[in-house]
Structure formats: structure tokens, C-alpha cells
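Q: I have a model open and would like to learn how to read it. Where should I begin?

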Number of protein chains: 2
Amino acid sequence: MLNQSPDLDRLFHALADPARRAMVERLSRGPAPVSELARPLPMSLPAAMQHLSVLEAAGLVRSEKVGRIRQCAIQPRALSQAEQWINAQRREWERRLDRLADYLKTLDNEGDGDGRGD
Amino acid sequence: MLNQSPDLDRLFHALADPARRAMVERLSRGPAPVSELARPLPMSLPAAMQHLSVLEAAGLVRSEKVGRIRQCAIQPRALSQAEQWINAQRREWERRLDRLADYLKTLDNEGDGDGRGD
DNA sequence: CTGATACTAAAGCATATGCTTAACCAATCG
DNA sequence: CGATTGGTTAAGCATATGCTTTAGTATCAG
């Protein structure tokens, strides 16, 4: 029954850390080298690199080495995958609320002594 | 500089596990008792309870004990908080792409010998 | 009452995560 | 050339996570 989705696992896990979200937020404003992503973070450069590799593994960031600096850029598609899952859930419970409303309306039409289905 | 958001931390972390997403997917279709959430999962009931408490801590699920069963229901607001963060990022990089397009257009209007700013 | 059901609480444990420091490599600067 | 900058790798370690089993506590059915 378990709808296995290693993609979503990696994606949400990558977004679950403030340092990694800060990197994504920075990259949403345009490409940047590793050291610029790392500078505002309260940790060593190697630690920041590890966060970056989590983002790359999740497909959220792509990077390319030019000279001795590594330019990083956001990969918008990955983010929309997460959004799609969330939207799917919302559609589902909205559908359910609609059905519930219909049902209550039906009760309202049929019986008139007691409209409470609680 | 780090935009601290323990809410988003908990939220995305809660969604980063297939068992927990399966619970959310089930609850999107309507309320359910703990044991029904746990049944399809390849783990013991206590393990499932721990996942459930992660979902509750993230505000994704609310539960109430009635008699000896605990009824669980999804809490749609939490999900939209995650969605909002994702949307904010998208707006940001779309804005950036727009600015970039404008800039390129400007170059196209001004100079006509060489339109490459690369 | 007795026993089954549904959940809960606690202890223990294997593995994963998130950092650190130290050492290293490659590109650029003086 | 040697020194500096930007990045990378590896080892080590403290803590967190994700389960397990065991042992409960209420609730409800008969």
C-alpha cells in the first residue's frame, strides 16, 4: 500500500533544514558560488558543502565548476514536484468536504425533523 | 541572516517519510483511528504511533480520544504553510527571470552591434 | 467478573545525521 | 616561483532517528 517515493523523501528532507532552505532562498534570487551560499551560515565550509550535496541529491540545485569556483543554480522543477504532492492532498480533502456537503444537503431534503449527521 | 522557521523544519521533516506521507494521504480521504493508519505500514503499532506524534508536532494532524480509540484528522492549514514557502521561492525566481528578460530587451534596444552581455 | 481490543509508555539498540578539524588539490595572484 | 583563494576529501564524534520488544492502562463485550 505504501506509495514509495524516494524522490519526495529526498525533496522534503532537503527542505527540512533551515540552512538548506536559506541556500534555496538565496539561489531563488540568482546563481551563486559555494562560498557565498556558505558565508551567512553558522558553520564551517565543509558542513555547508554537505548541505549543498543534499540539495543536489534532491534535484533542487545544479552546480557546475568553472575555474576554481563552483556556480550553483536552483532547479525549479524539483520544487514543483513537492508542490504537486501537497496539491494532490488538498484536492483529496476538498473532494471529501464536497461529498460531505452533498450528503448533508441530501439529508436536509429528505428528512426534515433532524438535520444533524454529527 | 538565517530565516529561522522551526515550523517549516517540523513540517517538511514530517513529510519526508513515506510512512508519514501515507498517513497524510489516508487522512486526506477522511478521519481514521490510529490502528487503521498503522495497518498498511510495515512496522509495529508503537512505531506508527511515533510517526503519528511527529505529524501532530508538525501540526499536520489533530487527534482526539473517544472511548478507547483515537480518531485522527488532517489539519489542512499546516500543509498550506509549506505550500506558501514553495510559492514564495517560485515567485522570487520568476521575478528574477523577468528582470533578466527586461535586461536583455534593453540591450537589444540600446546597442545593435553586440547584444551579448555574457 | 474475564478476556479481548486499542492504545501508550519505556527501555534498548543499530544506524543515520550534522557537525568538527586536518589535510589536500587546483586555479589565480604578486 | 611561492602564497592565497575556493573547494574537496576524509576521519572522528556527539546526538538524533527509527525501529524493536516488553509491559503496561483504559475501554468495551459477554
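Q: Which of the 19 residues around DNA strand D come nearest?
A: This is a predicted model, so the distances below are computed from predicted atoms. A residue counts as near the strand if one of its heavy atoms lies within 4 Å of it. Here, Met49(A), Arg68(A), Arg70(A), Ser44(B) and His51(B) come nearest among the 19 residues around DNA strand D. Of the atoms of DNA strand D that come within 4 Å of the protein, 64% belong to sugar and phosphate.

Q: Which side-chain atoms lie 2.6 Å from a phosphate oxygen of DNA strand D?
A: Look for pairs of N or O atoms within 3.5 Å. In this structure, a polar side-chain atom of Ser44(B) is 2.6 Å from a phosphate oxygen of DNA strand D. The side chain of His51(B) has an N or O atom 2.2 Å from a phosphate oxygen of DNA strand D.

Q: Which residue has a polar side-chain atom 3.5 Å from a base oxygen of DNA strand D?
A: Gln50(B) has a polar side-chain atom at that distance, 3.5 Å, from a base oxygen of DNA strand D.

Q: Which element gives the most to the surface near DNA strand D?
A: To answer this, assign the residues to their helices and strands. α4(B) gives the most, with 4 residues. The elements that each supply at least two residues are α3 (34–38), α4 (45–57) and β3 (69–74) of chain A, together with α4 (45–57) of chain B.

Q: How do the residues of that surface divide into nonpolar, polar and charged?
A: The surface near DNA strand D has 9 nonpolar, 5 polar and 5 charged residues.

Q: How are two copies of a chain related?
A: In general, two copies of a chain are related by a rotation about an axis and a shift along it. In this model, a turn of 180° and a shift of 0.0 Å along the axis lay chain B on chain A with an RMSD of 0.1 Å. The two copies are therefore related as by a two-fold rotation axis. The copies meet through the same surface, because 100% of the interface residues of chain B are also interface residues in chain A.

Q: How many helices and strands are there in chain A?
A: Chain A has 5 helices and 3 strands. Along the sequence, their pattern is α-α-β-α-α-β-β-α.

Q: What share of the 118 residues in chain A is buried?
A: A residue is buried if its relative accessible area is under 20%. By that cut-off, 36% of the 118 residues in chain A are buried. The accessible surface of chain A is about 7,200 Å², and carbon and sulfur atoms account for 48% of it.

Terms used: Residues numbered from 1 in each chain as written. Chains lettered and ligands numbered in written order. Predicted model: local features only at pLDDT ≥ 70, side-chain atom pairs only at ≥ 80, totals over all residues. Heavy atoms only, no water. Polar contact = N/O pair within 3.5 Å; in protein donor to acceptor, adjacent residues only side chain to side chain. Nonpolar A, V, L, I, M, F, W, Y, C, P; charged D, E, K, R; others polar. Least-squares fit on C-alpha atoms with pLDDT ≥ 70 in both. Contact = heavy atoms within 4.5 Å. Buried < 20%, exposed > 50% of the residue type's maximum accessible area, 1.4 Å probe, protein only. Areas by Shrake-Rupley, 256 points an atom, 1.4 Å probe, with all protein chains shown as cover.
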